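Biologist: Got a minute to walk me through this one?

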Amino acid sequence: MATILNTSLLNAPRQNPRLEQLRNAREHANSYGEWREISLELDALSGMDLWKMETASGDYHHELLRERLLTLRQWQQSHNHKLLIRALREGLHHDLGNMSNPRLYGRAHVGTKKLVEDYVGQVCESLEYLCDANIEHLSNDEKLALFEDILRSFGQPALQLSGGATLGMFHIGVCKALDEQDLLPSVISGSSAGSLVASMIGTHTRDEMTAYYDGDALYKHAWSWNRLSDGLRGKGFANQKQLETFIRQNIGEYSFQEAFEKTGRHINVSISPIGANQKSRLMNELTSPYLLVWSAVLASCAVPVLFPPVTLTTKTAEGQHQPYMPLERWVDGSMRSDMPRRRLMRLYNVNYFIASQVNPHIVPLLESERRRRERARISSLPRRILKLQSRLAGMGALQVIHDSTRNEALRAMLSHGYTMLSQSYHGDATIAPRRYTHQHYRHMLQNPTRESVIWFRQQGERATWPKIDQIRIQSRISMTLQRCVAHLLARRAHNWHEAEVRALLNPHLQGVHARTS
């Protein structure tokens with residue numbers, strides 16, 4: 001009966017003037033709070049609240065989630081710490097019961113099945129309860145080790161920012177929307193323009209970023225042009241020295257290690273080699289701690305033809321600058337590794353990817369979440385097979401030609417073409433502009449202004465709002481674990497400090513006691 005009612009309500013929206021009024025108001029919302037309130041009202045009027053309340057669905061293992069939820073609730077309410085710890089330690093998995101299935105998100109205007117939200121909420125409540133509880137058989141250090149093991153097993157989210165020249169200012173809005181909801185991951189990767197935004201986030205505190213979000217602190221002179229003859233001689237048609245000044249003004253003179261120590265964020269910059277005997281690299285505080293961040297960003301932004309390849313720069317122990325791998329030169333990171341999923345998973349145990357995609361050759365081809373769900377149906381199987389076979393044939397042709405030619409320039413072009421075909425440009429949650437207009441392309445190679453920064457930022461914010469609940473649900477457990485680990489580390493530091501104070505005072509107190517005796 002509920003399913004029939006739900007379907008009838010979903011077929012009726014266009015006849016309801018109030019629904020049309022709310023849809024229009026949502027399109028012009030000025031904040032996420034306003035957008036969400038309107039979305040909740042839309043769900044109530046369109047019948048989607050009934051869909052959220054219905055537990056049963058073939059899109060996820062609802063029986064498993066319900067059983068786990070009740071088990072955790074039972075052991076927590078009875079203060080059975082041992083069984084609660086065992087239930088969390090052996091049964092906590094990121095995609096338990098297929099609860100990250102894309103079919104569960106985007107159907108309602110906001111949110112998903114209530115059972116999924118209740119389960120995630122119960123897990124976080126149980127984790128916080130154990131973190132704060134006084135457990136006799138578990139010292140603070142043992143509890144810290146337990147939470148670190150659970151976090152290592154469970155994983156964490158990452159944000160990936162694509163290339164796209166000045167179109168990358170869209171990423172600023174994405175980061176701002178996530179940051180305002182405390183959902184900005186500590187792991188952020190970027191290539192080309194995305195590397196600049198990722199590095200700005202990774203070299204500035206949250207308070208410092210406010211002025212960048214508003215466009216006030218951003219140094220805006222990025223583009224100037226060389227003479228035509230310089231470009232034809234291979235020096236690049238755009239002025240790389242001006243680009244370097246733009247990047248250094250917005251990022252500073254931090255090494256990757258220094259940036260991490262300042263903000264606690266793991267920033268990752270993709271760069272591509274020009275040589276045949278070198279592979280693309282992911283630069284961060286683990287792989288290249290002393291490399292200057294601006295140097296990696298400059299290389300990642302070195303689009304072939306526009307800019308010449310870059311020799312990287314590192315910082316010595318004395319603070320001097322010197323070439324890093326001086327025999328190698330590097331170019332645009334998005335050419336070979338726009339979104340380096342595998343390396344992020346290996347380095348940071350990432351289990352969930354948020355992708356902000358603005359590449360002008362990718363966005364027009366991106367499918368909406370609704371179309372991707374429809375494409376998964378059996379009726380679309382022939383089209384999917386044909387598309388996959390065409391992609392594999394193209395990759396095979398490029399590889400054969402690459403292996404049969406000795407022309408280094410042609411080999412480099414074929415290699416870039418191959419990697420562009422083989423890359424995945426989606427994330428578990430993909431945020432992208434709805435469409436590009438002439439105005440977008442007109443801004444692409446222009447210096448940003450405060451007005452254009454705000455224009456792109458607002459587009460990024462609005463594109464992120466529909467994904468907020470999905471990202472919150474999928475990231476909440478990881479972020480709760482991170483907060484618990486930080487709390488337990490702070491408690492251990494406090495205990496050590498108290499012990500040191502007692503040790504210093506103890507001889508003095510003993511002397512006082514002896515004199516009074």
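Modeller: Sure, we can chat through a few helices, a hairpin and the cysteines.
Modeller: This is a predicted model, where local features need pLDDT of at least 70, side-chain atom pairs count only at pLDDT 80 or more, and totals for chains, interfaces and linings use all residues. Residues are numbered from 1 along each chain as its sequence is written, and side-chain values use heavy atoms, leaving out hydrogens and water.
Biologist: Okay, which residues of α3 are buried?
Modeller: Y32, W35, I38, S39, L42, D43 and S46. Buried means under 20% relative accessible area, with a 1.4 Å probe and protein chains only. Helices are DSSP runs (H or I, at least four residues) and strands are too (E, at least two), numbered from the N terminus.
Biologist: Where do they sit around α3?
Modeller: They cover an arc of only 145° around the axis, which puts them on the same side of α3. That arc is taken from the directions from the helix axis to the C-beta atoms.
Biologist: And what comes just after α3?
Modeller: G47, which takes a positive phi of about 90°.
Biologist: New topic: how do β5 and β6 pair?
Modeller: Strand β5 (residues 312-315) and strand β6 (residues 321-324) are antiparallel, over four bridges. Pairing needs at least two DSSP bridges. K315 has H321 in β6 as its bridge partner.
Biologist: How many disulfides are there?
Modeller: Zero; a disulfide needs two cysteine sulfur atoms within 2.5 Å.
Biologist: Why no bond for C484?
Modeller: Because the closest cysteine sulfur, in C131, is 4.0 Å from the sulfur of C484, too far for a bond.

How values were computed. Buried means under 20% relative accessible area, exposed over 50%, partly exposed in between (1.4 Å probe, protein chains only).
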